[in-house]
Amino acid sequence: MGNCHTVGPNEALVVSGGCCGSDYKQYVFGGWAWAWWCISDTQRISLEIMTLQPRCEDVETAEGVALTVTGVAQVKIMTEKELLAVACEQFLGKNVQDIKNVVLQTLEGHLRSILGTLTVEQIYQDRDQFAKLVREVAAPDVGRMGIEILSFTIKDVYDKVDYLSSLGKTQTAVVQRDADIGVAEAERDAGIREAECKKEMLDVKFMADTKIADSKRAFELQKSAFSEEVNIKTAEAQLAYELQGAREQQKIRQEEIEIEVVQRKKQIAVETQEILRTDKELIATVRRPAEAEAHRIQQIAEGEKVKQVLLAQAEAEKIRKIGEAEAAVIEAMGKAEAERMKLKAEAYQKYGDAAKMALVLEALPQIAAKISAPLAKVDEIVVLSGDNSKVTSEVNRLLAELPASVHALTGVDLSKIPLIRNATGAQV
């Protein structure tokens, strides 16, 4: 009998031995295998990645400079059946550390041999190429052990005589110089390029502004043309609308007039019929009675007229008689007044200016009464003057103006009429 053995993908199972002295070997990883008791042997080997750190101290390069180089390598046992069989032949039964030591020594040996063929600059400046070279040289040897180099990189390179630092200073100075020159040239080129870019930008901006202005002008012109066309069309549409509206209004008005004419004709016909009816009604109810009443009134009026005529003739005869009598009285009074005036005129003519003076003197009281009528309502008249002689002069002045006033009122000049003495001998 036997057992069933399983193994994960990170390790390989080797089953050897069998019946009748068989030398068959079975290699299984990530699976299972059957092993017989007592006659089969089972062993395991790890397939995990192993990390190695090869280190070569004070190894002289092609120029004789002693360098210390450290690296990092990732290796593992290959899973191809032939290569896995080779690895099992060499490392089966050993632990992982023993396998690492074998591979590490192999890598360090190749690393030392390659360091002796390269210069410091080649090693220091191109580490990837150096690591690639080590991997390519060491791969066939470790491959014959069933080991695969997954990666190999140079971790560090240094020396004890400050060669690398001196080389770095020189290189740093050269690089710094080149950097300064490059910066200056770059700044110069940048300034030139900036000026060129600014010029190009200004040119482009000018062209863009010009195009924008042209486009804007064209847009405004097109917009004005569109607006003008729209306004024209709008005005035409508005005029057409108003004209059509006027036509419709005219039609409506014409229809209304026709309707009004028809209504008026009907109304006239109705009114005509109403007039005829009213006329007939008036004839029947008013005219005939009115004619009869008018005839009666006419007869009464004619009788009254005759009466009034007779009365008027009598009254006229009466008035005529009274008028003749009054005329005779007036004529007699007129003749008497005329005779009196004639005699008075003859007397005035006889006495001449004395008669005129008598008339004036008779009229003066009446004139004075008329003139002084407003003063009758005055209670008191005060003459404002502190000098008695001035009051006298004022009175004299008023008296001196009296003949002129009489002449203006009556036409009689008192200054030309001789003084009249009365019976007492005083001047009047």
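## A walk along helices α1, α2 and α4

The protein chain folds into 7 helices and 9 strands. Keep in mind that this is a predicted model. Of the 428 residues in the protein chain, 17% are buried. If you take the contacts between residues at least 6 apart in sequence, 65% of them join residues at least 24 apart.

Let's start with helix α1, which covers residues 81–91. Its buried residues are Leu84, Ala85, Ala87, Cys88 and Phe91. Looking down the axis of α1, you would find these buried residues within an arc of 165 degrees, so they line one face of the helix. Here is a handy rule for reading such a pattern: an α-helix has 3.6 residues a turn, so residues three or four places apart point the same way. Turn to the other side of α1 and you meet Glu82 and Glu89, which are exposed.

What comes after α1? The helix is followed by Gly93, which has a positive phi, near 95 degrees. The loop between α1 and α2 also holds Leu92. This leucine counts as partly exposed because its relative accessibility is 22%, while buried means under 20%. Leu92 and Ile45 are 47 residues apart along the chain, yet 6.4 Å separates their C-alpha atoms.

Next comes the meeting of helix α2 (residues 96–115) with helix α4 (residues 127–143). Their axes come within 9 Å and cross at roughly 130 degrees, which makes α2 oblique to α4. The crossing of the two helices is right-handed. The table shows who takes part on each side.

| Helix | Residues making the contact |
|---|---|
| α2 | Val103, Thr106, Leu107, His110, Leu111, Ile114 and Leu115 |
| α4 | Phe130, Leu133, Val134, Val137, Ala138, Asp141 and Val142 |

How do the residues of this contact divide into nonpolar, polar and charged? There are 11 nonpolar, 2 polar and 1 charged.

One of the α2 residues in the contact is His110. Is His110 buried or exposed? With a relative accessible area of 14%, His110 is buried, because the cut-off for buried is under 20%. Leaving aside residues up to four places away in sequence, His110 touches Val137, Ala138 and Asp141. Those three partners are also among the α4 residues that make the contact with α2.

To look back over the route, α1 has a face lined by buried residues, Leu92 sits in the loop that leads from α1 to α2, and α2 crosses α4 with a right-handed crossing.

Key: Residues are numbered from 1 along each chain as its sequence is written. This is a predicted model: local features need pLDDT of at least 70, side-chain atom pairs count only at pLDDT 80 or more; totals for chains, interfaces and linings use all residues. Side-chain values use heavy atoms; hydrogens and water are left out. Axes are lines fitted to C-alpha atoms, for helices over the stretch in contact, and angles run from 0 to 180 degrees between N-to-C directions. Helices (H or I, at least four residues) and strands (E, at least two) are DSSP runs, numbered from the N terminus. Angles under 35 degrees count as roughly parallel, over 145 as roughly antiparallel, 65 to 115 as roughly perpendicular and the rest as oblique. A crossing is left-handed if the near helix is turned anticlockwise from the far one by less than a right angle, and right-handed if clockwise. Contact means heavy atoms within 4.5 Å. Ala, Val, Leu, Ile, Met, Phe, Trp, Tyr, Cys and Pro count as nonpolar, Asp, Glu, Lys and Arg as charged, and the others, Gly among them, as polar. Buried means under 20% relative accessible area, exposed over 50%, partly exposed in between (1.4 Å probe, protein chains only). The arc is that of the directions from the helix axis to the C-beta atoms.
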